[in-house]
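Here's a quick tour of a protein chain, put together for someone just getting started with structures. Have a look at it first, and then we'll go through it topic by topic.

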Amino acid sequence: MAVALFFPGLIPTRFDAISEFVTTNDHARRRFAQADEVLGYCLADAYREASIYEWEVFETGFMALTLALADCAQDRHGGRPAVCGGQSFGAFMAAVWAGALTYPDALELIRRSVAVETDYFDSLEEPLGCHFFYRLPHDTVQRLVEETRARGEWIDLSVVLDEEVHAVSASLRSLERFEQRVREEGGFPFYTMNRAEHCSAVSGLRRRLHDEVYGTVPWNAPGIPVLSDVDGRLLTDPEEIKQDLLDGWTTPVHWQTILRGLHTAAVDEVWIPGPRNMFARITNKSIPTRVITPRTALEA
């Protein structure tokens, strides 16, 4: 049976919801301890106190958490995945699991990237953001996007996970109005990031990350193919994987693209390590799915 290991994108998660797993599970303690050595501070302690906008802590903490859950999945279910992939930030964990990046190099890449990202977004004349929301049909979302553009404001659809889960990028000022319209239409706002992503507006950031960061760590041939969330291809060349992660900044995420890649890989089952099971609902419509959360890992 061919298994795909699929990593979800960054989901804001309170530390108290995962603290037992992080402090008692052997895989989690090992992953967090390795991160401590690279970062020079106790990641678990920083994660416990961090706000949602402390990106270095949240991104490295989420990487440590999900990789530990993937370790648990392999222990529990046996075998090794035939392909791995990830949505948005999850693509970094896929690159690590496949061997295209070592775990320490990935942590260092995140640290250096966050510094450039912060400088880039802080230097903009008007702050940009990305708003995630759910429980609105795609047609309604498109109508709200066109409504915003009709006012002469820039907005792009950044994420389409299924007919109910979306994200848009725009100025923070525009996103305040957009969030209000989401509520008025019966949708549920999730959260707003203080940076835009998966849209052409951040092409300048992609160039800076390419020039200043991604060439500072070695990229390796992966042990298993990496599924691109940009175009659905199965990648085995380290340079292609590096460019694909960069392209993720400027390319909208569409779940159908990822699903085509899973079908191309002819997988029979998907394992999803992460703190919540939204992706199980989506993938399970097409492919049998196992979700590995901190709770299920502790129960095992």
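Let's start with one pair of charged side chains: Arg208 and Asp119 form a salt bridge, and their closest N and O atoms sit 2.7 Å apart. Arg208 belongs to helix H9 (residues 203-212) and Asp119 to helix H6 (residues 103-122), so this pair ties together parts that are 89 residues apart in sequence. Keep in mind that you're looking at a predicted model, not an experiment's result.

**More on the salt bridges**

- Both partners in that opening pair are partly exposed: Arg208 has a relative accessible area of 24%, and Asp119 comes in at 41%.
- Why might such pairs turn up at all? Side chains of opposite charge can pair when their charged atoms come close.
- How many salt bridges are there? The count comes to 26.
- Another one joins Arg30 and Asp71, with 2.9 Å between the closest N and O atoms.
- That pair also links distant parts of the chain, since Arg30 is in helix H2 (residues 26-39) and Asp71 is in helix H4, 41 residues apart.
- The two partners sit in different surroundings: Arg30 is partly exposed at 37% relative accessible area, whereas Asp71 is buried at 7%.
- Arg181 and Glu185 meet in a salt bridge too, at 3.0 Å from N to O.
- Is Arg181 buried or exposed? Arg181 counts as buried, because its relative accessibility is 11% and the cut-off for buried is under 20%.
- Its partner Glu185 is partly exposed, at 29%.
- Arg181 and Glu185 also belong to a network of salt bridges, which links them with Arg143, Glu147, Arg151, Glu153 and Glu184.

**The overall build**

- The chain's secondary structure comes to 13 helices and 11 strands.
- Its radius of gyration is 18 Å, close to the 19 Å that the globule rule gives for 300 residues, so the chain is as compact as a globular protein of that length.
- If you boxed up the C-alpha atoms along the principal axes, you'd need roughly 55 × 40 × 40 Å.
- Out of the 300 residues, 57% are buried.
- Looking at contacts with a separation of 6 or more, 74% are between residues 24 or more positions apart.
- The chain exposes about 12500 Å², and carbon and sulfur atoms supply 48% of that.

**The nonpolar cores**

- The largest nonpolar core has 93 residues, and the ones with the most contacts inside it are Met63, Tyr214 and Leu262.
- Which helix gives this core its largest share? That's helix H4 (residues 55-77), with 13 residues.
- There's a second, separate core of 13 residues, and Ile155, Val168, Ala170 and Val182 are among them.
- Back to Leu262: if you skip its neighbours within four places in sequence, Leu262 is in contact with Ala4, Leu227, Val267, Val270 and Ile287.

**A covered helix and a buried glycine**

- Helix H5 (residues 90-98) is mostly covered, with 9 of its 9 residues buried.
- Those buried residues include Phe92, Met93 and Trp97.
- Just after H5 comes Gly99, which takes a positive phi of about 100°.
- Gly86 lies in strand E2 (residues 83-86), and Gly86 counts as buried at 1% relative accessibility.
- Gly86 and Phe6 are 80 residues apart in sequence, yet 5.2 Å apart in space, C-alpha to C-alpha.
- Leaving out residues up to four places away in sequence, Gly86 touches Phe6, Phe7, Ala91, Ala94, Leu227 and Asp229.
- Ala91 and Ala94 are among the buried residues of H5.

**The cysteines**

- How many disulfides does a search of the whole structure find? The search finds 0.
- Cys42 is in no disulfide, and the nearest cysteine sulfur, that of Cys72, is 19 Å away.
- Cys84 is in a similar spot: the closest cysteine sulfur to its own is in Cys72, 17 Å off, which is too far for a bond.
- As for their surroundings, Cys42 is partly exposed with a relative accessible area of 35%, while Cys84 is buried at 1%.

How values were computed
Residues are numbered from 1 along each chain as its sequence is written. This is a predicted model: local features need pLDDT of at least 70, side-chain atom pairs count only at pLDDT 80 or more; totals for chains, interfaces and linings use all residues. Side-chain values use heavy atoms; hydrogens and water are left out. A nonpolar core is a set of buried Ala, Val, Leu, Ile, Met, Phe, Trp, Tyr and Cys residues joined through side-chain atoms within 4.5 Å. Buried means under 20% relative accessible area, exposed over 50%, partly exposed in between (1.4 Å probe, protein chains only). Helices (H or I, at least four residues) and strands (E, at least two) are DSSP runs, numbered from the N terminus. Contact means heavy atoms within 4.5 Å. A salt bridge is a side-chain nitrogen of Lys or Arg within 4 Å of a carboxyl oxygen of Asp or Glu. The radius of gyration is taken over C-alpha atoms; the globule rule is 2.2 Å times the number of residues to the power 0.38. Accessible areas come from the Shrake-Rupley method with a 1.4 Å probe; for residues, only the protein chains shown count as cover. A disulfide is a pair of cysteine sulfur atoms within 2.5 Å.
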